[in-house]
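Here's a quick briefing to read alongside the model. Have the sequence and the 3D view open as you go.

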Amino acid sequence: PASWVETQQNSLGVTYRQLSSNVIGFEVPAYDRSKTLTIDPTPRMVLGTFLYSQYSEVYTDYGFDVDADGNIYLGLGVSDYSSYGGIAPNNLATAGAYDVTLGTLEFDSDVFIVKMNAKGQILAATYWGDDEIDEYYAQVVVTSEDVYVMAVWADYWYDMIVGKFDFNLTSLAWSKKIGGRYDEEDFYIAADPAGNVVIAGVTDS
C-alpha cells in the first residue's frame, strides 16, 4: 500500500500481512512514531491522459516537474513515421509555440515539451529541433521564472543540449550544446532560484 510519514515524499515500505484466514493487516517497519504515518491501501488514479498523432510515436525516459501553480511540464520525444503513408504529427504543438513544425527528415525525431494544468489539459506544447539533427528524450526543471530543458541530440554522435524557455513555451532565451568527439548522454538537471543550472551525465569524449 502507498504509505508515508508526514509527507508523500517521505515514503515508508509498509507491506500487507495475513493475520488469519480472512484477516489482512500491515507490516510496518520502524519509523519515528512521534510523526504521523499514513497508509493508503487503495491507491487510485487521479489523472490520466495520452498524446497521440497519426504515424507518430511519443516517448519519454525521464520524469517531469511542476510549477508553483500546479502546472505539469513534461520533457518528451516525438518521431515522425509519415513516410509510411500517414500525415506528419505537426498537430501536437500548440498555436504560438516556439516551434510548431516537426523536423522534415525521414523518421525524424524532435524534443517535445508539454505544459499541462493539474486537470491534464494541455496549455502549451512545442517541438525543439531542426531538419539536420535527430533529437530524443528530454528532462525538464522549472524555477520561479523559467523552464529549463536538457536533452540528447544525435547527428552522428550523441550530444547534450540545455535550453531556457519561458513558462508558455513561446520563446527560447538561450541554448548550449555540450559535447566532444564522441557520445554524451544526460542524466540529471537542476536549477536554483537565480537561474544557475547544474547538469550531470556521462561522456565518451
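**The big picture**

Among contacts in the protein chain between residues at least 6 apart in sequence, 51% join residues at least 24 apart. Keep in mind that this is a predicted model. As for secondary structure, the protein chain has zero helices and 15 strands.

**Surface and burial**

- Of the chain's 205 residues, 37% count as buried.
- The accessible surface of the protein chain adds up to about 11900 Å², and carbon and sulfur atoms account for 50% of that.
- Y16, I24 and F26 make a nonpolar surface patch of about 320 Å².
- Within that patch, Y16 sits in strand 2 (residues 15-20) and has a relative accessible area of 46%, so Y16 is partly exposed.

**Salt bridges**

- The count of salt bridges comes to two.
- One pairs R17 with E27, with the closest N and O atoms 3.5 Å apart. This pair links distant parts of the chain, R17 being in strand 2 and E27 in strand 3, ten residues apart.
- Both partners are partly exposed: R17 has 44% relative accessibility, and E27 has 37%.
- D146 and K164 also form a salt bridge, and here the closest N and O atoms are 3.6 Å apart. D146 lies in the loop between strand 10 (134-142) and strand 11 (147-154), while K164 lies in strand 12 (residues 158-165), so the pair ties together parts that are 18 residues apart in sequence.
- D146 has just 14% relative accessibility, so D146 counts as buried.

**Two lysines to look at**

- K115 is in strand 8 (residues 109-116). What about a salt bridge for K115? K115 has none, although K115 is buried; D67, the nearest side chain of opposite charge, is 4.8 Å away, and a salt bridge needs the atoms within 4 Å.
- The side chain of K115 does reach the backbone oxygen of F167, at 3.4 Å.
- Setting aside neighbours within four places in sequence, K115 is in contact with a list of residues including D67, N71, I72, Y73, Q121 and F167.
- K35 is in the loop between strand 3 (23-27) and strand 4 (37-40). K35 has 40% relative accessibility, so K35 counts as partly exposed.
- Which residues does K35 contact, leaving aside neighbours within four places in sequence? They are V5 and E6.
- K35 and V5 are 30 residues apart along the chain, yet their C-alpha atoms are separated by 6.6 Å.

Methods. Residues numbered from 1 in each chain as written. Predicted model: local features only at pLDDT ≥ 70, side-chain atom pairs only at ≥ 80, totals over all residues. Heavy atoms only, no water. Patch = residues over 30% accessible without salt bridge, like charges linked within 9 Å, V, L, I, M, F, W, Y side chains within 5 Å. Areas by Shrake-Rupley, 256 points an atom, 1.4 Å probe, with all protein chains shown as cover. Helix = DSSP H or I, 4+ residues; strand = E, 2+ residues; numbered from the N terminus. Buried < 20%, exposed > 50% of the residue type's maximum accessible area, 1.4 Å probe, protein only. Lys, Arg positive; Asp, Glu negative; His and termini not counted. Polar contact = N/O pair within 3.5 Å; in protein donor to acceptor, adjacent residues only side chain to side chain. Contact = heavy atoms within 4.5 Å.
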